[in-house]
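User: Please take a close look at a single part of this structure and explain it step by step for a first-year student.

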Amino acid sequence: MTDKVKGMGISGSYGNESNNSKLVKLGLEVLSNLGAETYFWDLNEKPLPLVGEEGSWENKNVAEFQNLATEVNAYLLSSPEYHGCMSGVMKNQLDWIYNKHVGGKAFALMSTLGGQSNSNTLNQMRIAVRWIHGWAIPEQIAVPNIKEAFNDDGLLNDEKLIERLENTMKALFDAALMLKK
Ligand SMILES: Cc1cc2nc3c(=O)[nH]c(=O)nc-3n(C[C@H](O)[C@H](O)[C@H](O)COP(=O)(O)O)c2cc1C
């Protein structure tokens, strides 16, 4: 048991400049300002193989990913919507973590869309999180028209969205403390 919140950010798209990675990093910054220790899993630096790919069960990045997932007590997920679903990149990352790593711990969910807002990807991630025995908080964020969402400084244009991100991170922080694991 701990009174410290440790947050792990997982992006469903590659690259530090992808919109989902930027969104996760903004969220982690809010979490850090609340007093959490935060970690962003950088897939470019430490790619994860597909689950079941030859040699994947012994892959050292997978072991590190699972160890970090075990170490922390809050998870921030953000996935792009692809064909009405979470990205394969996000699903593969979720497929590498199980109850023994994340069970009983708090999750926050976000998604980005090229088009209009919907909850497809959020709902799919919520199901996957339930299957690994995580507790997904009710607050969630879908960012529509993602190409217009960020300004040149990498900040969100929409003030309501900034407020929603702050509220969601506060809810994640509180849930992590409440679940205390
Ligand atoms: C294969 C593919 C499928 C996509 N399908 C959808 C979709 O179903 N609905 C939608 O609004 N946007 C769709 N998009 C747009 C992505 O959601 C958008 O590019 C993404 O959220 C941007 O995030 P990123 O910069 O992190 O990749 C799709 C993009 C790709 C590449």
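User: Is Glu45 buried or exposed, and what can be said about strand β5 and its surroundings?

Analyst: Glu45 is exposed, because it has 9 C-beta neighbours inside 10 Å, and a residue with 12 or fewer counts as exposed. The model considered here is a predicted one. Glu45 belongs to the loop between β2 (37-40) and α2 (60-71). Its C-alpha atom is separated by 9.9 Å from that of Tyr14, which is 31 residues apart from Glu45 along the chain.

Strand β5 (residues 106-112) is largely enclosed by the rest of the structure, because seven of its seven residues are buried. This holds for both faces of β5: Ala106, Ala108, Met110 and Thr112 are buried on one side, and Phe107, Leu109 and Ser111 are buried on the other.

The pairing of β5 with other strands comes next. β3 and β5 run parallel and are joined by seven bridges; Leu109 in β5 stands opposite Leu77. β5 also pairs in the parallel sense with strand β6 (residues 135-143), over six bridges. Within that pairing, Thr112 has Val143 in β6 as its bridge partner. Together with helix α5 (residues 120-131), β5 and β6 make a right-handed β-α-β unit.

Strand β3 also leads to the ligand. The shell around the ligand receives three residues from β3, which gives the most. There are 14 residues surrounding the ligand, and the closest are Asn19, Pro80, Leu113, Gly114 and Gly115. By class, four residues of this shell are nonpolar, nine are polar and one is charged.

Notes:
Residues numbered from 1 in each chain as written. Predicted model: local features only at pLDDT ≥ 70, side-chain atom pairs only at ≥ 80, totals over all residues. Helix = DSSP H or I, 4+ residues; strand = E, 2+ residues; numbered from the N terminus. Buried ≥ 20, exposed ≤ 12 C-beta atoms within 10 Å, placed from the backbone. Near = placed C-beta within 6 Å. Nonpolar A, V, L, I, M, F, W, Y, C, P; charged D, E, K, R; others polar. Pairing = 2+ DSSP bridges. Right-handed = clockwise from strand over helix to strand, strands pointing away.
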